[in-house]
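Hi,

Here is the structure I promised to pass on. Have a look at it first, and my notes on what turned up are underneath.

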Amino acid sequence: MSNQFWSDIVGELKPYVPGEQPKEGLFIKLNSNESPYEPSPKAMQAMEKAIHGGLALYPEADATPVREAVAKYYNITADQVFVGNGSDEALAHVFNGLFRHAGKHILFPNITYSFYPTYAKLYSVPYQEVPLAEDFSLDLTPYLNASSDEVSAIIFANPNAPTSVALGLDKIEQLLQAQPNMVIVVDEAYVDFGGETAIPLIKKYPNLVVIQTLSKSRSLAGIRVGFAFGQASLMEALVRVKNSFNSYPIDRVAQAGAIAAFEDEEYFQKTRKMIMDSREYLMAEVKRLGFQVLPSSTNFIFMRHPQYDAAKIAAALREHRLLVRHFKQAPIEQYLRVTIGTQENCENLVNALSEILSKGII
């Protein structure tokens, strides 16, 4: 479909496609990397209180109370924290405010978060995709050897999605030291499930931006709150872009929930551990069924079966009311990304896979 009134760029865009959100029927959703657990009770109470007071007024425009709470949590300063309407908005402002340099392009892996090429196209940022290593780890060599005369920035997810593989903090620091004249963006949506955050490095490296979200480990995908971290001058660029686009992106309810979520450390650690424990169970069980599984530092696993087609397995699981994510992109078209649900969800998945494989119905 097209329209004569569209701007030229609209027809050229390939929008990001999220995991299926079923509109009817009861499914176990293991396809969108959402948390299987409810948010912190303290966060729920804070949001309920916010609903009943002040909604007729605009929220705090710069989300200062949120920035102060998060800065305290990470032992940094509030001017080193930017709050966005989900980490996707923070990323959008990074692309728009930090990547658009005449005559230069950016680098990111060929297998990674598929919003990166979408934003690059939207904001007219030339880019080059760098192949992952054969084991789907991030090969630093091309990034270390890139010329700052040609490359303005490097962005990658760590741990990576959809592969679930993490890069060590020592490697990130190696890259920062080698490329002081490029912006280095580390997207840490899944870092709380086994990775190591690069936030402490922002004090030392003025070219580092770290992205995080409340959607995964804090069980708050529904309120859309994400963050960028970096030295104050970098964050000012994002604020300038934000205030030229939408001065009030984070509503009062979301701000209240975000603050309380960071204050409830006990609940965060409890649910995080439950997900990681279920991940280890699921990895062991699917390996027993013959699947090959990449090392995971995330709330999902990335797996393939050497004897069966991934698309057919995903379709068969759907018949069992289980949704997993299949990517048609080479070279991962034979892999499935499976979100870690509750322990019961994981057991249901294992039982369904056992039945599917034993009956040879794929």
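**The sheet and what sits around it**

The centre of my notes is an open, mixed sheet of 7 strands, ordered 2-8-7-6-5-3-4. Strands pair here if DSSP finds at least two bridges between them, and helices (H or I, at least four residues) and strands (E, at least two) are DSSP runs numbered from the N terminus. The edges belong to strand 2 (81–84) and strand 4 (127–130), which have a single partner strand each, so one side of each has no neighbour in the sheet. From one strand to the next, the twist averages 20 degrees. Axes for angles like this are lines fitted to C-alpha atoms (for helices over the stretch in contact), and angles run from 0 to 180 degrees between N-to-C directions.

Before going on: this is a predicted model, where local features need pLDDT of at least 70 and side-chain atom pairs count only at pLDDT 80 or more, while totals for chains, interfaces and linings use all residues. Residues are numbered from 1 along each chain as its sequence is written, and side-chain values use heavy atoms, with hydrogens and water left out.

Back to the sheet. Strand 5 (residues 151–157) and strand 6 run parallel and are joined by 5 bridges, with Ala 157 partnered by Asp 187 in strand 6. Strand 6 also pairs with strand 7, again in the parallel sense, over 4 bridges, and there Asp 187 stands opposite Ile 211. On to strand 8: strand 7 pairs with it in the antiparallel sense over 4 bridges, and Gln 212 has Phe 227 of strand 8 as its bridge partner.

Two helices are worth a look against this sheet. Helix 7 (residues 232–243) packs on it and touches strand 2, strand 7 and strand 8 (226–229), its direction making about 30 degrees with that of strand 2. Helix 6 has Leu 169, Ile 172, Glu 173, Leu 175 and Leu 176 as its buried residues (buried is under 20% relative accessible area, exposed over 50%, partly exposed in between, with a 1.4 Å probe and protein chains only). They span an arc of only 155 degrees around the axis, so they are on the same side of helix 6; the arc is that of the directions from the helix axis to the C-beta atoms. These buried residues pack against helix 5 (141–144), strand 5, strand 6 and strand 7.

**Strand 7 and Gln 212**

How many residues of strand 7 are buried? The count is 6 of the 6, so strand 7 is largely enclosed by the rest of the structure. Leu 208, Val 210 and Gln 212 are buried on one side, and Val 209, Ile 211 and Thr 213 on the other.

Gln 212, in strand 7 (residues 208–213), is the one I'd click on. Its relative accessibility is 4%, which means it counts as buried. The Gln 212 side chain has polar contacts with two other side chains: Tyr 74 at 2.7 Å and Glu 188 at 2.9 Å. (A polar contact is a pair of N or O atoms within 3.5 Å; within protein, one must be able to donate a hydrogen and the other to accept it, and residues adjacent in sequence count only if both atoms are side-chain atoms.) Beyond four places in sequence, the contacts of Gln 212 (heavy atoms within 4.5 Å) include Ser 87, Val 191, Thr 197 and Phe 229.

**Salt bridges**

With a side-chain nitrogen of Lys or Arg within 4 Å of a carboxyl oxygen of Asp or Glu as the rule, the count is 10 salt bridges. Among them is Lys 204 with Glu 173, where the closest N and O atoms are 3.1 Å apart. That pair links distant parts of the chain, 31 residues apart: Lys 204 is in the loop between strand 6 (183–187) and strand 7, and Glu 173 is in helix 6 (residues 169–178). Lys 204 is exposed at 54% relative accessibility, whereas Glu 173 is among the buried residues of helix 6.

Two others sit within helices. Glu 285 and Arg 288 meet at 2.7 Å, N to O; both are in helix 9 (residues 265–288), 3 residues apart, about one turn. Glu 355 and Lys 359 have their closest N and O atoms 3.2 Å apart and are 4 residues apart in helix 11 (residues 343–359), so about one helical turn separates them. Glu 355 is partly exposed at 32%, and Lys 359 is exposed at 55%.

Cheers
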